[in-house]
Amino acid sequence: WNSVKMDGSAFQGGYEDIKEKFGVDFKQVSKKYAATDDTMKILFGKPPEKVVFENHQIFELRGLTGRLLSSSYMPKEGHPNYEPMCNALKELFDCQQKNGFVRMEYETEVFYGSL
């Protein structure tokens, strides 16, 4: 399970702000798919073991745009918020990029146990 790590950076905070501002049903979807001990207990029958790893992705603007648009809760082309969202993402990228790239930090949670 990959969760965006909220590390207090301007980039990570700005990216989350864009998802919250422009996401069609971001708050409902983000809660629905949260990996919790209770949801994992349903699968495993008891709380599983969990290990957390640091992880990251490096994006140029095109890749970052693709990452944002791949989320089901983001507006698609033709939606009134699509262009403003893309403009906000480009502005964030332009402000936060270093040598043409931004780094998105994640925590990867691995759940394991017997089914």
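Which residues in α1 are buried? Hold that thought while I set the scene.

This is a predicted model, where local features need pLDDT of at least 70, side-chain atom pairs count only at pLDDT 80 or more, and totals for chains, interfaces and linings use all residues. Residues are numbered from 1 along each chain as its sequence is written, and side-chain values use heavy atoms, leaving out hydrogens and water.

So, the chain has five helices and three strands, in the pattern β-α-α-α-β-α-α-β. Helices (H or I, at least four residues) and strands (E, at least two) are DSSP runs, numbered from the N terminus.

The strands make an open sheet with order β1-β3-β2 and antiparallel pairing; two strands pair if DSSP finds at least two bridges between them. β1 (2–4) and β2 (49–59) sit at the edges with a single partner strand each, so one side of each has no neighbour in the sheet. Eleven bridges link β2 with β3, residues 102–112, and one of the partnerships there is Glu54 with Glu107 of β3.

Now, α1 lies across β1 and β3, at about 75° to β3. Angles run from 0 to 180 degrees between N-to-C directions, and axes are lines fitted to C-alpha atoms, for helices over the stretch in contact (heavy atoms within 4.5 Å).

Back to my opener: the buried ones in α1 are Phe11, Gln12, Gly14, Tyr15, Glu16, Ile18, Lys19 and Phe22. Buried means under 20% relative accessible area, with a 1.4 Å probe and protein chains only. Across the chain's 115 residues, 30% count as buried.

Note on methods: Buried means under 20% relative accessible area, exposed over 50%, partly exposed in between (1.4 Å probe, protein chains only).
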